[in-house]
Amino acid sequence: MFSTSSQRKFWTYRDEDELADLRGKHNLNYISKHGAHIDEIQRYNFFLSPDEERLLLKQYELHLKEFCKRFSPPMPKGVVGTAFHYFKRFYLYNSTMDYHPKEILATCVYLACKVEEFNVSIGQFVANIKGDRDKASDIILNNELLLMQQLNYHLTIHNPFRPVEGFLIDIKTRCSLANPERLRGGIDEFLEKVFLTDACLLYAPSQIALAAVLHAASKEQENLDSYVTDMLFRDAGQDKLAILIEAVRKIRSLVKMVESPAREKVRIIEKKLDRCRNQENNPDSEIYKRRMRELLDEDDIPHTGPSRMSLDTSGVTTVLSPSAS
Amino acid sequence: MDDQACPRCKTTKYRNPSLKLMVNVCGHALCESCVDLLFLKGSGSCPDCNVPLRRSNFRVQLFEDPMVEKEIDIRKRVLKDYNKKEEDFATLREYNDYLEEIETIVYNLTNNIDIVGTNKRIEQYKKDNKEIIMKNKAKIGREEVELEEILEIEKQMEELRRQEINRLEQEAKKQKIREKEALIDELMFAEGDAKEILNTFAQNKANKQEELLPAVPKVTQFSTGVKFTRVSTQPTLPLIEEGPLYKYEAPIVPDRCGPDAPSIEDIVRCGYLKHVRAESETEKAGGYKSTLPCLRALQDALAGLYHTS
C-alpha cells in the first residue's frame, strides 16, 4: 500500500524546487571536491552545470525507454517503471560526473528485472547491449550493490499500472461510459511520457493513474468529471477534491511539457563529461583498472593465522590429580 | 590386517588369533610365548632395551600403545611416594605446583629424559617427606578400612533380605500343602457335591491371595542400601510468577490516504467480477479467486488519492 510505503515516506517530494535543490547540491559537492585546483571562472567551463546535467539525464531517460522497448524477451511495464524510478532516485543524490548515466542505466534495468521478478540471467541481459558484453556485465555487477546502497535498499516501487487497472474495473462497473477499453491507447501513451517527467517523485501512483485515465478520456471526447466528483470523492471534503484536481492538472502539464533535448547540445555535454567525470569510476581509466587489480590481489593473499589447534597440553597436567591413575 | 604383532617372533594377531601381548615396566611388548621362553628362570633382560625385568611383573597389554602401559606403571610407582593430599598444602597454588611436579617426573621417566636426575629427585623427596608419606599411607589404610566396613554392612543386609525371602517362600509352600490336604480331607469325609467343594476352595484361595497382596512390607531402602531420606534433602522447585493473561487486540488498519475500497462482498454483489478474468478450474484448486486481484487493483487505485506533499 502506497500510504505506508517507503516510496511515500522517503521518495515523494514536495515540489520541483526541492528536487532542483537536491540535484544542485550534489552538483556543487562534486565540483568543490574535484575542482579545488581550478579557479572560479574556469570551473564553469570545465564542469557540467546543474542544467546541463538535467539535459543529459533527460537524454538518457529516452535511451532507457528505448532500451526497454527493444529488450528481448519483451519486458512487462512494471519493470520499465521500476527502472525509471531507480534511475531518477539515484541521480537525486549523485552527480552524473561521478557515475556515468550510461552505466547506471543498465544497472537500474537489471535490478528492476530482479525486483519485479522478471527472470533474466546476466548473460541474457547483456545480449541486449551493443559492444563488449563481458565488460558490460562486469560494470553492471560492480554497480549493482552501489545502486542498492544509494537507493537506501528501498526497492519496492508502486507503479501506476495496477491503479489504472483498478480505475478501469471501477469505471466499467459504476459508470455508463461506453467501451472503456478504448481509453487504453491514450493511457499507455500518457504513462510512457509520465516517466520522462519528475511526476513519479512528486505524486502518488494512483494520482498519476487517474490523470492518465482522465487525459485519455478527454482525448476520446468523453468526460469523467462526474465519476471523480460524485463517486470517488463523494464522501471526501471539498479540500481533498481541490488537491486532487490540482495534482491532476500539474501532472498533465508536466507531460505536455515533455520534449526531447536538442541533439547538438547533448553531444557537447557528453564531450565535456568525458573530461570532467570522476576517473576513479571510469572503467576505461588507468586509475580504475589499477584499483580493480589491487582488490583482486587482496583476495588472493593467503590466510596466515594459526589454522590448527596447538598441541600444547601444559595447561592440562596441572588439573590432573594424583588419584586419577 | 591387524597390525598387532610381537616385535620378537613377528607373530601377528592374524596368524595366531590367541596372541596375547604382555608388557613390563619398560613399556616394550612381547607375546606370551616369548615371555615363557625368555623368562624361563623368572628374570631376564628386555630384548629391546636390556633393562632387567622380572617375569612376575608382566601383564596383559590393555592399551594399543605400549607407552601408555609404561606410563601407568611409572605413575603407580611415583604416586606411592607422592601421596600428599590437598589438605597438606596451604594454598591451591602450591598444590597445583606439586601436581605439576608429579607430571613432570612421570613424563621424564616415560620419555627417558634425565632419568638419573629424576630418580635422584624422587629419592630426595622421599627423604624430605618421610613422615608425611608414612602418615598418608596410614591414612589411606584407614580409609580403606572404612570402605570395607561399609561393604561388610551391605553384605549383612543382603544376607538378611535373602533369608527373609526364603522364609516367605517356604511359608507359602507349606500353606499350599496345607490347603491341598484340607481339600482332600474335605473330599474324603464331607457329604456334599465334589464339584461344589472344589469351587468353594478355589474361591477361598482367591480371597486369600487378595488379602496377601497389599501386605507387601513397605520399602525404606533401595536395593543398593541407599536411604530414601537422602533424596528429600534436595531443594524444591521455585514457583514461577505468571504474568497477566494475553489479550487479543485487532491490528490497526493504517490510513489508506484515499477513499475506501469496496469489501469483498461488495465486489461480488455489485458485479465488479464481470470485468475481471475469471479464475480457471486449476486456479480454484489452488485457492485462487478472482476477487483478490480485483480487490487489490481497486485498493491500489484508491489508496493515495488524497496524497499531499
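**Questions on a predicted two-chain model**

Colleague: Asn112(B) sits in the loop that runs between α3 (92-110) and α4 (115-128) of chain B. What makes Asn112(B) count as exposed?

Modeller: A residue is exposed if 12 or fewer other C-beta atoms, placed from the backbone, lie within 10 Å of its own, buried if there are 20 or more, and partly exposed in between. Asn112(B) has 11 such neighbours, so Asn112(B) counts as exposed. The model is predicted: local features need pLDDT of at least 70 and side-chain atom pairs 80 or more, while totals for chains, interfaces and linings use all residues. Residues are numbered from 1 along each chain as its sequence is written, and chains are lettered from A and ligands numbered from 1, in the order in which they are written.

Colleague: What is notable about phi of Asn112(B)?

Modeller: Phi of Asn112(B) is near 55°, a positive value in a residue other than glycine. Most residues other than glycine have a negative phi. Glu117(A) also has a positive phi, near 60°. Glu117(A) lies in the loop between α6 (101-115) and α7 (122-126) of chain A, and with 9 C-beta neighbours inside 10 Å it counts as exposed. Helices here are DSSP runs of H or I with at least four residues, strands are runs of E with at least two, and both are numbered from the N terminus.

Colleague: Why is the peptide bond from Ser72(A) to Pro73(A) called cis?

Modeller: Its omega is near 0°. Pro73(A) is in the loop between α4 (50-70) and α5 of chain A.

Colleague: How do you know that β1(B) and β2(B) pair?

Modeller: Two strands pair if DSSP finds at least two bridges between them. Strand β1 (residues 21-23) of chain B and β2(B) have three, in the antiparallel sense, so the condition is met. Met22(B) stands opposite Leu30(B) in β2(B).

Colleague: What makes β2 and β5 of chain B edge strands?

Modeller: The open sheet of three strands runs β2-β1-β5 in chain B, with antiparallel pairing. β2 (29-31) and β5 (59-60) each have a single partner strand, so one side of each is left without a neighbour in the sheet.

Colleague: Where is confidence lowest in chain A?

Modeller: On pLDDT, the predictor's confidence in each residue from 0 to 100, helix α17 (residues 314-317) of chain A is lowest, at a mean of 44. Helix α5 (residues 77-90) of chain A is highest, at 95. Chain A as a whole has a mean of 86, with 92% of its residues at 70 or more.
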